[in-house]
Structure formats: C-alpha cells, structure tokens
Amino acid sequence: MKEEEERNRWRWWEEEKYEKGVKWKFLQHNGPYFPPEYQPLPNNVNFYYNGKKVKLSLAAEEVALFFAQMLAHEYTTKKVFRQNFMKDWRKEMTVEERSLIKDLDKCDFGKIHAMHNDKVEARKQMSKEDKQVLKDANEKLVTEFGYCLLDHHKERIGNFKIEPPGLFRGRGEHPKQGMLKKRIQPEDVTINCSADSRVPVPPAGHHWKEVRHDNAVTWLASWSENIQGLTKYIMLNANSKLKGEKDWEKYEVARKLKSRVDDIRNGYLRDLKSKQMGSRQRAVALYFIDKLALRAGNEKEEGETADTVGCCSLRVEHITLHEQLDGNECVVEFDFLGKDSIRYYNKVPVIKKVFKNLKMFLENKQPGDELFDRLSTTVLNKHLSSLMPGLTAKVFRTYNASITLQQQLKELTNMSDNMSEKLLSYNRANRAVAILCNHQRSPPKTFEQSMANLQVKIDARKEQLALAKTELTQAKKEAKAKGKSDSKLQT
DNA sequence: GCATTTACTTAGTAAATCGATG
DNA sequence: CATCGATTTACTAAGTAAATGC
C-alpha cells in the first residue's frame, strides 16, 4: 500500500492550472461508506426504569445505548446534556415508553454500560490473529471506499465514512450538547462526481438524494446534519493535489504579507489616530490580530453555539485595562474563551495610543457590550483585501506563526547540531508557535496517574540518595579512622 | 522476554473563517 | 444585512509503536 502511494505521487505543482473556479475535470468515486445497522441488545442485558426491567423498542434502545456508552464521561453529569438527551430520546420512544419514562434520574443503564465496558475490554484482550482479521477488514474498506479518481490520478479520501449516529458532544458549554445526532441514510446524501464517471451505487434498496456534477467544488458527497443544520462533506485528504495546492497558495499569501507587512503595520498605526471611530477600532483590532495572533472573530448566533469570541467579537467583559501592572505600563489583560472554548489569558503591554483608544471604546459600555461596536469581520477583511489581494485576518496568524517558527529555528539551531539536538530545537520552535497561537490540549485522563507514578519514582530515588549519602559519610569516617591507624603504622 | 506504560500517529468531527447569495 | 455553503483549523480519542519495568 505504502509503495503504491509512493509510486502514485506525481508533481502536481508542475501541471497546468484550470480556468478560475474549476477544481477538476474528472471525478469518480464509490460513494461514502455507511456505518452498520444497529444490533439489538442481547436478552440478558436490560434497561431498568424505577427499578423495573423495561424492554425498549429498537429505536429507543439504540439511543439508550448511546447514553449508556458515555456513562463514565463527565458529559452525562451535565444538566444541559441530560436535558437535551432526554428530550431527544423521548422523541424516539413509542407512546407507551414515553408515558412511562419521564425522569432520567430513574433510568438505570448500569447493565448496558457494563456490557459496553466488557466489549471494550474484550476488544483490548483480543488475540493478535483476531486483531489482524479486524485490521484486514478495515483495509478492505479503505481499498473499496477510501480512494477516488480525480483527473485520472488516484487520490486518498480524507473521511469516506458517513458519521455514525450518536449523542452530540459540543465543546465547552454548548447549548446543544446531548442532542441526538441522527443516522444518515443514502436518501440524505448528495453525490458529486463528473458526468462521464461511473456514478457510485447506493446501498441495496436505497437511492441517493441527488447526484450532481459540480466541478466548482472539491467535495465528493454531502449531507445535512440535524443538530445545527450544517452541511457535512466527504473530501480528499490533506496530501491530495486539491488540498496541497490550496495550502501552498495559503503560504504564498503569507509570504506576500511578509514583503508588505511594514507598510501595513504603519498603516494601522496611523489609523490609531484617525478621526473616524470605525477606523480606530479597525486599527486596534488589527494591532491585536497582528501582535497576538488572535482570530478574526465572526459574530455567532446566540443559543446555537458555545459562547466563544475572537478579536472582532470581543466584549467589554473580556479585557481589563491596567495603567500599571507588574512594572509595565499600559497593560491589557485578556480573558476570554476562543475557538473550541479554549481559554485565552494574557497580560500584554501595549503602546500608549492603543491603550488610549481602548479606554475610549470602553466608555459608557456594559460588560456584555461589544468592544468594537463599529467593526465586523466583513468590514475588516474588506479593508485588508484592499491593502493586498488575498489578505484576510487569518493570514496574519499564518504569517506570524510561520515567521516565529523560522526565527526560532534560526536562533536555536547550529549547523553542527546532531539529529537529536536539531529535533529538540524543532520541538522548541514549535512550542513557541503554539504559545503564540494559544494552541493547547487538555491533559489526558491518564495524566494524573502518570504523575503519581513519577512521584513514586522520585520518592524512591530520593530515598536511595539519602541512603547513599549516609553510606558515604559512614565510609568516609571509616576511611579516616583507617588512615589514622595506617599513618600510625607508618611512623 | 513478556507486560505495562508512554509517546506518537491517525481518525473523527466540531468549530472556525470568509465569500457568495438572496 | 442575515444566512448559507465550502473550506480550513483544531481539538479529542482511539489505535499503534516504542520504551521501560518486572
């Protein structure tokens, strides 16, 4: 498989470009792979309501299993999650079930949860051979559904599987967490391929929602998701021509910004004292986006998503101004939830003009009011693209991340370094970028245990050390005593 | 030398950006 | 101007390989 992919790699960047907007001329694939149908619980695994065994209908049982599987997860203790789950679960119930099952606290999924745990455990304990069987089956799926033909080159599809049904897990305080993500049928799926290709065959007894031939887009299939009504897509993976070319272009724009950034910075520094309030807000926002690598911050519909913000959507409550802090002047303290509800906390000294403007923007506003009330991402990006074609707010993040990596690599590495030293520098350089971009991951659940293990080791070593020390002093004493006696002997 | 732990990789999918559309 | 479609970005969890412990 690996060698085949190697052989199939071609220098796509040397190929001629299509006319604007055309993404491909030929596209053929086998459609998405659908998750297997629900398998009912065995008869000896039961759900209990109010202490009494209740045999659930197939639809209700499937959703109950979704919840039972997550029982160990913190999600299932959250009020919003439980409410949303209950509401959607009840929709799947029969009339009788619905009249009986009204209180989640009276539901006992213990047996179902135990069965699930056993399954997970059994999977872990599987023999090498059985694991290989599973692996082979998966490989077969990849061979069948994992590739497409795009302009006569075989390309790997990034996500060829239809997302299975389950309970929606938003990130942060998502108002829709726990809602039922419904099973997708072929009838929900739109296929995109070229007119002269072999159209994928839907699963037996089913038909596609639509088959279209739109070569202005890169997706192979799409469907609408029931939680937020967004469209989901089947697309190529990151090392395909389509994605790679786009990525290349992205960095080209960032490189272009490198050559123009001095002018652009002077521009927004000038705008800090503009007569127009809108221009001043734009200038301060740009200052943040450039200096702190903040995201643009589109406005979001309230109640549909977690309450997160970016630069343009910052509210008064998200910043605190300090004339003086830790020996610095004009410090802005940021504290807000960004993308994925990741907290951004930073205390940044800013130039006087920015500080003054901020004070002005805050005048007569409530904590919940927008900091930049005369600014939107649309306005900001319009302005940026007038300064340089292709320039948008996110380009600053790409540019600043890239230039930071470049600078750090230069600073940290020496020509004479060996491989592991270079790797260390590379990792350190990347860490600097991660700090700039506020990239972080939550510690894994095993973290605490690992730390405890380490502490045990540390303690053991300390004990060893202490023991060795006493032994050392003891040995010294003895040596001294012996030396004295030796010297005595000598004379 | 096998079992357990840790580190790294990949899959899965949610959540952003941003231009187009009505 | 609000909504939507397409695409990128980014997290988490699962899976796998490497390292370490017994």
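1. Of the 491 residues of chain A, 36% count as buried. The model under discussion is a predicted one, and the remarks below should be read accordingly. Chain A is built from 13 helices and 15 strands. Among its contacts with a separation of 6 or more, 62% are between residues 24 or more positions apart.

2. The protein surrounds DNA strand B with 26 residues, and the closest of these are Arg171, Lys232, Gly297, Asn298 and Thr392. Where atoms of DNA strand B come within 4 Å of the protein, 88% of them are sugar or phosphate atoms, the rest belonging to bases. The surface near this strand comprises twelve charged, ten polar and four nonpolar residues.

3. Three individual approaches to the phosphates of DNA strand B deserve mention. Gly297 places a backbone N or O atom 2.6 Å from a phosphate oxygen of DNA strand B. Thr392 does so through its side chain, a polar atom of which lies 2.6 Å from a phosphate oxygen. For Asn381, an N or O atom of the side chain is 3.1 Å from a phosphate oxygen of DNA strand B.

4. DNA strand C also has 26 residues around it, of which Tyr233, Lys243, Lys246, Lys339 and Arg397 come nearest. Of the atoms of DNA strand C within 4 Å of the protein, sugar and phosphate make up 84%. By class, the residues near DNA strand C are 14 charged, six polar and six nonpolar.

5. Which atoms of DNA strand C do Tyr233 and Lys243 approach? In the case of Tyr233, a polar side-chain atom lies 2.7 Å from a phosphate oxygen. For Lys243, a polar side-chain atom is 2.8 Å from a phosphate oxygen of the strand. Gln440 offers a backbone N or O atom, 3.2 Å from a sugar or linking oxygen of DNA strand C. Strand 12 (231-234), helix 7 (241-271) and helix 11 (393-412) are the elements that give two or more residues to this surface. Helix 7 gives the most, with three residues.

6. The position of Leu391 merits a separate comment. Leu391 belongs to the loop between helix 10 (377-387) and helix 11. Its relative accessibility is 0%, so Leu391 counts as buried. Apart from neighbours within four places in sequence, Leu391 is in contact with Leu257, Ile264, Asn381, Leu384, Ser385 and Phe396. One of these partners, Asn381, has a side-chain N or O atom 3.1 Å from a phosphate oxygen of DNA strand B. By contrast, Lys359, 32 residues from Leu391 in sequence, is 29 Å from Leu391 in space, C-alpha to C-alpha.

7. Is Arg315 buried or exposed? Arg315 has a relative accessibility of 17%, and therefore counts as buried. The residue lies in the loop between helix 8 (277-292) and strand 13 (319-325). Its side chain makes a polar contact of 2.7 Å with the side chain of Asp307, and another polar contact, of 2.6 Å, joins the side chains of Arg315 and Glu317. Beyond four places in sequence, the contacts of Arg315 are with Asp307, Val309, Pro367, Gly368, Asp369, Glu370 and Leu371.

8. The aromatic pairs number 18. In one of them, the ring centres of Phe47 and Phe109 are 5.3 Å apart and the planes stand at 40°, so the pair is tilted. Phe47 is in strand 2 (residues 47-49), while Phe109 is in the loop between strand 4 (107-108) and helix 5 (110-125); the pair therefore ties together parts that are 62 residues apart in sequence. Phe47 and Phe109 are both buried. A further pair, Phe334 with Phe336, is edge-to-face, with 6.5 Å from centre to centre and 70° between the planes. Phe334 and Phe336 are likewise buried.

9. Phe47 and Phe109 also belong to a wider cluster, in which ring pairs link them with Phe67, Tyr75, Phe81, Phe85 and Trp89.

10. The ring of Tyr147 is approached by two basic side chains. Lys154 lies over the face of Tyr147, 4.6 Å from the ring centre. The charged end of Arg156 also sits over the ring of Tyr147, at 5.5 Å from its centre.

Methods. Residues numbered from 1 in each chain as written. Chains lettered and ligands numbered in written order. Predicted model: local features only at pLDDT ≥ 70, side-chain atom pairs only at ≥ 80, totals over all residues. Heavy atoms only, no water. Near = heavy atom within 4 Å. Polar contact = N/O pair within 3.5 Å; in protein donor to acceptor, adjacent residues only side chain to side chain. Nonpolar A, V, L, I, M, F, W, Y, C, P; charged D, E, K, R; others polar. Phe/Tyr/Trp six-rings, centres within 6.5 Å; stacked < 30°, edge-to-face > 60°. Helix = DSSP H or I, 4+ residues; strand = E, 2+ residues; numbered from the N terminus. Buried < 20%, exposed > 50% of the residue type's maximum accessible area, 1.4 Å probe, protein only. Lys NZ or Arg CZ within 6 Å of the ring centre and 35° of its normal. Contact = heavy atoms within 4.5 Å.
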